[in-house]
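Reader: I'd like to zoom in on the cysteines here, since I care about how the sulfurs are wired before I set up any topology. Can you walk me through that part, and tell me how far I should trust it?

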Amino acid sequence: MALSVTFIACRKEETPTVSSTGSTEANFTPRIKTFIQQATIKNRHKDANSLSLDSAEWYIEAGLNFELGTPWIDCTDRTLDSLEVTIPVSESGVAENTAFSAYNALHTGIVSKLVTGENHLIMADVNLVYTNGTEAVAKVLIVIGSGYSKTNQLMTGYGANEFIYFTNAGLTNNNCGCGTNQGGATTCSNMRIAQRVNATMDGLSYGCYYTDVESRGVDWLGNAPNLTMNTSGTGFPTGIPVTPYKIYRCQGANCGCMSPSMMSFYTQGSFDIMNQLKPTNKVPVSCAMDGTNTLNGANSQYWQMALYTYARLNCTRG
């Protein structure tokens, strides 16, 4: 999808202060509603009004989350997807009309990925990335929810026979049993851990939406161009020699199969790191886990990686 829009880099649009719980203390919903209303007017007249790059990014992101996001729906599963819109750059700024067009194009792209009753949009994270002196790319990371069964608490217990392969890399998603559970039809460890961490996140009240979205990775190698930071999993030690890090990491020829006790340990660790990385005045929105390996006999390495997404929460729609 390609779209001609003009942006320049300026100071970020100022957003309201928020409480320690991550909920906003000021109501900026009217500004977002006005932006959406203007964007949906057909045959708009051209005007000379313009926005800074950061302001356009903020309004587009807030508008998509306000208009399409339904994060209050409890769900078990979360998947990542992405959209991109190419944006020509000039020194004159971004005209409001072109910002509206960018919003509409991304709105249409997200809607095409949603199926009523089967999934829903939790969050859209918009980031404008320069590619050269005349062009930028609007990269949008979206989190889609599905599977509507949730416990609202961290469950770290696993059955005595739940030996689970660390990731679905090279395997089908429903064949990750290992050890005494060899070949068992089960989701892999990375997906199980993510499901359980996501289950701890508070359900939102109807009508709430996110702004100021921020994604933080731990050894993340997946398709997430919007990372605010990407830190090493070795930066979260446990002080325990046999399991030195909070996110799964293993070296040796016999790695990859996680025992029930390891599943419990790394589920708790992944949850703990989510809270360690949480920015001030933002709430956790989503956790994604994946895994990778480098194979070299006894020196083979296996590890999991995490992507945590946070945002400011607004529950005033007036």
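Author: Number the bonded cysteines in sequence order and the pairing reads 1-3, 2-7, 4-8, 5-6. That gives 4 disulfides by the distance rule, in what is a predicted model. A disulfide is a covalent bond between the sulfur atoms of two cysteines. Let's go through three of the links.

Start with Cys 176 and Cys 188, whose sulfur atoms lie 1.6 Å apart. Because the cut-off is a sulfur pair within 2.5 Å, this counts as a disulfide. Both cysteines sit in the loop between β6 (164-165) and α4 (189-198), 12 residues apart. Cys 176 has 0% relative accessibility, so it counts as buried. Cys 188 also comes out at 0% and is buried too.

Next up is the bond from Cys 208 to Cys 315, with an S to S distance of 2.0 Å. This one spans 107 residues and links distant parts of the chain. Cys 208 sits in the loop between α4 and β7 (209-218), while Cys 315 belongs to the segment after β12 (301-314). If you want the geometry, the link of Cys 208 and Cys 315 has 110 degrees about the S-S bond and is right-handed. What about exposure at its two ends? Cys 208 is buried, because its relative accessible area is 1%. Cys 315, at 42% relative accessibility, counts as partly exposed.

Then there's Cys 250 with Cys 255, sulfur atoms 1.8 Å apart. The torsion about their S-S bond is about -65 degrees, so this disulfide is left-handed. Cys 250 has a relative accessible area of 22%, so it falls in the partly exposed class. Cys 255 counts as buried, because its relative accessibility is 11% and the limit for buried is under 20%.

Two further cysteines are worth a glance. Cys 75 is buried, because its relative accessibility is 2%. Cys 287, at 1%, is buried as well.

Now for the packing around all this. The largest nonpolar core has 34 residues, and Ile 32, Ile 60, Leu 64 and Ile 110 touch the most other members. Elements that each supply at least two residues to this core include α1 (29-39), α2 (53-68), β2 (77-88) and α3 (96-111), with β4 (120-132) and β5 (135-146) also on the list. The largest share, 9 residues, comes from α2. Take Ile 110 as a sample: leaving out residues up to four places away in sequence, Ile 110 touches Leu 64, Leu 68, Leu 83, Leu 121, Ala 124 and Ile 142. Apart from that core lies another, of 26 residues, and here Cys 255 turns up again, with Ala 194, Ile 273 and Met 274 also among the members.

As for trust, the protein averages a pLDDT of 82, and 82% of the residues score at least 70. Confidence is highest in helix α5 (residues 260-277), at a mean of 95, and lowest in strand β3 (residues 94-95), at 74. The part to be wary of is residues 1-25, where pLDDT stays under 50. The model still has 94 contacts beyond four places in sequence for that stretch.

Definitions and conventions. Residues are numbered from 1 along each chain as its sequence is written. This is a predicted model: local features need pLDDT of at least 70, side-chain atom pairs count only at pLDDT 80 or more; totals for chains, interfaces and linings use all residues. Side-chain values use heavy atoms; hydrogens and water are left out. pLDDT is the predictor's confidence in each residue, from 0 to 100. Helices (H or I, at least four residues) and strands (E, at least two) are DSSP runs, numbered from the N terminus. Contact means heavy atoms within 4.5 Å. A nonpolar core is a set of buried Ala, Val, Leu, Ile, Met, Phe, Trp, Tyr and Cys residues joined through side-chain atoms within 4.5 Å. Buried means under 20% relative accessible area, exposed over 50%, partly exposed in between (1.4 Å probe, protein chains only).
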